[in-house]
Structures are given as C-alpha cells and as structure tokens.
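Thanks for coming. I will go through one structure today, going from the backbone to the salt bridges and then to the interior.

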Amino acid sequence: MREINDQEYVNETNDGLVLIDFWAPWCGPCRMQSPILEQVAEELGDKATLMKMNVDENPETSSELGIMSIPTMIIKKDGRILDKLIGVHSKDQVTEVLNQFA
C-alpha cells in the first residue's frame, strides 16, 4: 500500500477502483486495520488500488472529505466516492465492499 498526500490525492484516486485508508500512527485501531488492508491488497491484485493517507500530515483532504474519526476508508471509482467504511473492518468485509464495485 502506497502512502499519498494532499497534493497527490486527486490525481492518484481518479482512475479505477481505489480504497484510501485515512489513518494516523498514534491510532490503535488504525494499526489493527493496516495488516488487514495489506492482505486485501494482495488478494485483489489489479482489481483495486489501496492507498493510505496520514490525517495528521494531510489535514486538507481529510477536512474536505469530512473525516471525523479514524480509521476511515473511502472507496472511489473513476473519481466518484461510492462508499465509506468507518472503524476496523475484517478482510472479508473490506473485500466484499470492494467486490461490489469491481
């Protein structure tokens, strides 16, 4: 999973199916979610792109999207936000949501 910043957000998330994980290093639930997302990324391969954005280092995008709690995962396809997952989710839950839009 690649880390992106405020400046890259629009260009990096406007093509295909993308999940962006909004997180922070101090967030315990975020640290629990991260390895789950790594597994999802491996399983889905080219079907979807998974990225991370540190909310502390990138307040602009987080604010624009109304991210109030983390972890929050935004699912976009071709630039449109399709879904939002808040809190820790299992591999099966994340995969199921992404497969709906693949």
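Asp78 is partly exposed, because its relative accessibility is 49%, and exposed would need over 50%. Please keep in mind that this is a predicted model. Asp78 sits in the loop that joins β4 to β5, the latter covering residues 80-86. The backbone there has a positive phi of about 50°, although Asp78 is not a glycine.

There is a second backbone point to show. The peptide bond from Ile70 to Pro71 is cis, with omega near 0°. Pro71 is in the loop between α3, residues 59-64, and β4, residues 72-77. Please remember both of these residues, since Ile70 is among the core residues and Pro71 is among the contacts of Gln33.

Now the charged side chains. How many salt bridges are there? The count comes to three. Arg2, Glu8 and Glu12 are linked in a network of salt bridges, so let me take its members in turn.

Glu8 is in the loop between β1 and α1. Glu8 forms a salt bridge with Arg2, with the closest N and O atoms 4.0 Å apart. The cut-off is within 4 Å. Not counting residues up to four places away in sequence, Glu8 touches Arg2 and Glu3. Glu8 is partly exposed, with a relative accessible area of 27%, and Arg2 is also partly exposed, at 38%.

The other bridge to Arg2 comes from Glu12, at 2.5 Å, N to O. Glu12 lies in helix α1, residues 9-12, and Arg2 in strand β1, residues 2-3, so this pair ties together parts that are 10 residues apart in sequence. Glu12 counts as partly exposed, at 31% relative accessibility.

The remaining salt bridge joins the side chains of Lys91 and Glu43, at 2.5 Å, N to O. Which elements does this pair link? Lys91 is in helix α4, residues 91-101, and Glu43 is in helix α2, with their positions 48 residues apart in the numbering, so to speak: they are 48 residues apart. Lys91 is partly exposed, at 25% relative accessibility.

One more charge, and then the rings. Lys52 lies over the face of Trp23, at 4.5 Å from the ring centre. As for rings paired with rings, the count comes to zero aromatic pairs.

Next, the nonpolar interior. The largest nonpolar core has 15 residues, and Ile4, Tyr9, Ile20, Phe22, Met53 and Ile70 touch the most other members. Which strands each supply at least two residues of this core? They are β2, residues 17-23, and β3, residues 49-54. The largest share, four residues, comes from β2. There is also a second, separate core of 14 residues, which includes Leu19, Leu50, Met73 and Leu85.

Ile20 is a useful residue to click on. Leaving aside neighbours within four places in sequence, Ile20 is in contact with Ile4, Tyr9, Thr13, Met51, Met53, Thr72, Met73, Ile74 and Lys76. Met73 in that list is a member of the second core.

Last, two polar side chains that are buried. Is Gln33 buried or exposed? Gln33 is buried, with a relative accessible area of 0%. Gln33 is in helix α2, residues 28-44. The Gln33 side chain reaches the backbone nitrogen of His89 at 2.6 Å. Beyond neighbours within four places in sequence, Gln33 is in contact with Pro71, Met73, Gly87, Val88, His89 and Val94. Here Pro71 is the residue on the far side of the cis bond from Ile70.

The other one is Asn54, in strand β3. Asn54 counts as buried because its relative accessibility is 4%, and the limit for buried is under 20%. What does the Asn54 side chain reach at 2.9 Å? It reaches the backbone nitrogen of Asp56. Not counting residues up to four places away in sequence, Asn54 touches Glu3, Trp23, Ala24 and Pro25. Trp23 is the ring that Lys52 lies over, and Glu3 is among the contacts of Glu8.

How values were computed
Residues numbered from 1 in each chain as written. Predicted model: local features only at pLDDT ≥ 70, side-chain atom pairs only at ≥ 80, totals over all residues. Heavy atoms only, no water. Core = buried A, V, L, I, M, F, W, Y, C linked by side-chain atoms within 4.5 Å. Buried < 20%, exposed > 50% of the residue type's maximum accessible area, 1.4 Å probe, protein only. Contact = heavy atoms within 4.5 Å. Polar contact = N/O pair within 3.5 Å; in protein donor to acceptor, adjacent residues only side chain to side chain. Phe/Tyr/Trp six-rings, centres within 6.5 Å; stacked < 30°, edge-to-face > 60°. Lys NZ or Arg CZ within 6 Å of the ring centre and 35° of its normal.
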